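Student: Please take one strand of this model and go through it closely. I would like to know what it pairs with and what lies beside it.

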Amino acid sequence: MSVAATGNGVSRTASLSDPGPENKVLLRANPSSNDPPPTDRGNPGPLWYSFDLAPKRVESGGWTHQVTQRELPSSTDLAGVNMRLTAGSFRELHWHKANEWAIMLSGQARVSLLQADGKMFIDDVGAGDLWYFPAGLPHSIQGLGDDGCEFLLVFDQGDFSEDDTFLVSEFLAYTSPEMVKKNTGWSRESIDKLPKKELYIFDATPPASLADDRRFLGEHLETKNRYTFRMAAMQPTISSPGGDARVVDSTNFPISSSIAAAMVTIKPGAMREMHWHPNAAEWQYWIKGKGRMTVVTTGATARTVDFHANDVGYVPSMAGHCIENTGSEDLVFLEMFKSPRFEDISLNEWIARMPDAMAQAHLKLPISVVRHAPQTKLALLAK
Ligand code: MN
Ligand code: MN
């Protein structure tokens, strides 16, 4: 039987059949790409990448890899770096042009930052804690405890590269020894012993106690500005049967003037409601569980994509989207924005505010049905 060019008798199963080669691992992980809902249309551009596809730079003391605009070209606002430091190991003292937001994913670290007024901030962070380091201010990260740490860095430049940072080793190595001598008073013999190239990630001895380091700083310890924030320990901003969300932006973490974040937990079967953000594109980091997201953008373009832990998601600025937990455990992910404030618009809330005639004219439904929908922004909808 010929099934070509009929357009009306071939079952979806037959149409989806795939007699050629298949990457079965990717196919199984991405059912929504392989068998998209019939409402998907066209291609809104890249919405997904994974740190598990990115090249990993492994050094003595840890590793790093990044998902930037080079991997996910649509993400021009934000870029991410995922890094591991073993106990005692450092990410070398450095600074850079982008602002840095970070969340500890596992373990503990000591972070420090020097302000332009000569005062130094120093603190220890654990899983679920954040830090925010403004561009240009030099800082350090050192793994603590028995197993060091792993963290996610988010930069407010999509084309940021972790290879494009100013390093203390390079400043010294590439300044003429005569000038280094004049600057420091160190002998030429000592200067010749300085690192000849970047250290970047390197192992070292675990530090003294935080109290000792603070005592060393004395009057030079920064105590007014807070560059760290206990995100996991805060009360949820929203709590509902479908899950909860913790929002951290410049209103409760004032130093974070350019990056806003929400840590969202969605219960199995529940969903993050249909919504959009009026002020920025959304960059996501998936921490735990699995789910699928539908993004609907202009020109009747829509796509549904599956996500797993360690994936990065992207939603074009102002595009409508919703996320469903398709797994059997809690789904936890971060919504990140290059903005001082977290803002979202709820489709349900908008419909609820529409006068009856306006709502009916658009939805073509009896008003009793229209008003059956939630009459407020719920953010998270239970199963
Ligand atoms: Mn940095
Ligand atoms: Mn969102």
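Tutor: Two strands count as paired if DSSP finds at least two bridges between them. This is a predicted model, and the part chosen here is strand S6, residues 100-114.

Begin with S8, residues 129-133, which runs antiparallel to S6 and is joined to it by 4 bridges. Within that pairing, tryptophan 101 has tyrosine 132 of S8 as its bridge partner. S10, residues 149-155, is also antiparallel to S6, with 7 bridges between them; here isoleucine 103 is matched with leucine 152 as its bridge partner.

Strand S9, residues 139-143, is joined to S6 by 5 bridges, again in the antiparallel sense. Alanine 109 is the residue that stands opposite glycine 143 of S9. S7, residues 120-126, pairs antiparallel with S6 over 7 bridges, and leucine 114 has methionine 120 of S7 as its bridge partner. The hairpin of S6 and S7 has 5 residues between the strands, and glycine 118 in this hairpin takes a positive phi near 90 degrees.

The metal site involves this strand too. Glu100 is one of the protein donors of the manganese ion (ligand 1), through OE; the others are His94, His96 and His139, each through NE2, and the donors lie 2.0 to 2.3 Å from the ion. Along the sequence the donor residues follow the spacing H-x1-H-x3-E-x38-H. Histidine 94 has a relative accessible area of 3% and is therefore buried, the cut-off being under 20%. Histidine 96, at 1% relative accessibility, is likewise buried.

Definitions and conventions:
Residues numbered from 1 in each chain as written. Chains lettered and ligands numbered in written order. Predicted model: local features only at pLDDT ≥ 70, side-chain atom pairs only at ≥ 80, totals over all residues. Heavy atoms only, no water. Helix = DSSP H or I, 4+ residues; strand = E, 2+ residues; numbered from the N terminus. Donors = N, O, S within 2.8 Å, 3.2 Å for Na, K, Ca; no water. Buried < 20%, exposed > 50% of the residue type's maximum accessible area, 1.4 Å probe, protein only.
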